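User: I'd like to practise reading features off a model. Can we take them one by one?

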Amino acid sequence: MMLRSPAFTAPLGLTLLLAAQASGAGLDPVPADTAPVAVFREERPEWDVVLGAGISHQPEYEGSDEMDSSPFPFISLTYGRFGIGPEAFSFAIFDTDRLDLGVSLGYGGGRDPDDIDSGYLDGFAEIDASAIFGARLGYSFGPAEAYVELEHYLGGSDGTSATVGVEYEQDLTARLSLNANLSATFSDDKYMESYFGVTAADALLTGYEPYKAGSGLRRVDLSIGAQYALTERWFVMGEIGVGQLSDDAKDSPIVRDDVQSKATMLVGFRF
């Protein structure tokens, strides 16, 4: 189970991921980190409807040393190849026992300095919300899966990020499954400059030194999680993780802590 949170403003990746996993809650957990690909099997084209609520604890923004706890609701609808989550539509081009490929169109909340209580980004320009086009390719081998994910922001930073990773999931019992995820995320110069750069205008208003952030490795993340089926329909999920900012992201003057921790828990119900 992996959290992707490029702007730490809206739980897009989180809610899509948890909803996708929750659609397999009960006694047959769906492999973790299927977002943004809708879960699809030819033999199971029925509707899945999942409702839930949870709480996340993560940095105020990517690079902050101040944490923020936020409750969130989610709803997920899937049917065959199609999925509708809280902030995205998804389509599974194909999904076999070994290989899966899917695309999605979602929403990113951008970054609003007024929403950051610590005041570290006071004076910075707001990064507008944007549509996010996503694509994911995964290859499974035994209980593990290697994957590549792409996100392109249509608006906001107008940037692109790519994540490569491997995830391992193990069903310990019919009700309990554990998973671990290791990933590396690369971002282009548009994304990096938007979220980690300091322009001359920003410097005049904030007191930070001007800083130009170039493309490259943005962060490496490790997380572990668990899903437990309380009943056939009720389930609980949790995750803890840590990320290490790298290269120009780590060196940015707005970064107060290059080690980024996170924790999430939620309860859901599958209809």
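**Reading strands, a helix and a loop**

Analyst: Sure. Strand E4 (residues 88–95) and E5 run antiparallel, joined by seven bridges. Keep in mind that this is a predicted model.

User: What links E4 to E5?

Analyst: A hairpin of three residues makes the connection. For one specific pairing, take Phe-89, whose bridge partner in E5 is Leu-105.

User: Which strand pairs with E5 over 10 bridges?

Analyst: That is strand E6 (residues 130–141), again in the antiparallel sense. Look for Gly-108, which stands opposite Ser-130 in E6.

User: How do I read the two faces of strand E5?

Analyst: Follow the side chains along residues 99–108, since they alternate. Asp-100, Gly-102, Ser-104, Gly-106 and Gly-108 point to one face and are buried. Leu-99, Leu-101, Val-103, Leu-105 and Tyr-107 point to the other face and are not buried. Notice that Leu-105, the partner of Phe-89, belongs to the face that is not buried.

User: Now a helix. Which residues of H2 are buried?

Analyst: The general idea comes first: an α-helix has 3.6 residues a turn, so residues three or four places apart point the same way. In helix H2 (residues 189–196), the buried ones are Tyr-191, Met-192, Tyr-195 and Phe-196. Seen down the axis, these buried residues fall within an arc of 95°, so they line one face of H2.

User: What do the buried residues of H2 pack against?

Analyst: Their partners are strands E7 (144–154), E8 (160–171), E9 (176–187), E10 (216–229) and E11 (234–245), together with helix H4 (247–251).

User: Let's try a loop residue. Is Ser-64 buried or exposed?

Analyst: Ser-64 lies in the loop between strand E1 (47–59) and strand E2 (67–79). The cut-off for buried is under 20% relative accessible area, and Ser-64 has 2% relative accessibility, so Ser-64 counts as buried.

User: What is Ser-64 in contact with beyond its neighbours within four places in sequence?

Analyst: Pro-59, Tyr-120, Arg-256, Asp-257 and Gln-260. Gln-260 is 196 residues away in sequence, yet the C-alpha atoms are 7.9 Å apart. The side chain of Ser-64 also reaches the backbone nitrogen of Glu-66 at 2.9 Å.

User: And how do I read the chain as a whole?

Analyst: Start with the inventory: four helices and 12 strands. Of the 271 residues, 50% count as buried. Then check sequence separation: among contacts with a separation of 6 or more, 62% are between residues 24 or more positions apart. Finally, the chain exposes about 12000 Å², with carbon and sulfur atoms supplying 62% of that area.

Notes. Residues are numbered from 1 along each chain as its sequence is written. This is a predicted model: local features need pLDDT of at least 70, side-chain atom pairs count only at pLDDT 80 or more; totals for chains, interfaces and linings use all residues. Side-chain values use heavy atoms; hydrogens and water are left out. Buried means under 20% relative accessible area, exposed over 50%, partly exposed in between (1.4 Å probe, protein chains only). Contact means heavy atoms within 4.5 Å. Accessible areas come from the Shrake-Rupley method with a 1.4 Å probe; for residues, only the protein chains shown count as cover. A polar contact is a pair of N or O atoms within 3.5 Å; within protein, one must be able to donate a hydrogen and the other to accept it, and residues adjacent in sequence count only if both atoms are side-chain atoms. The arc is that of the directions from the helix axis to the C-beta atoms. Two strands pair if DSSP finds at least two bridges between them.
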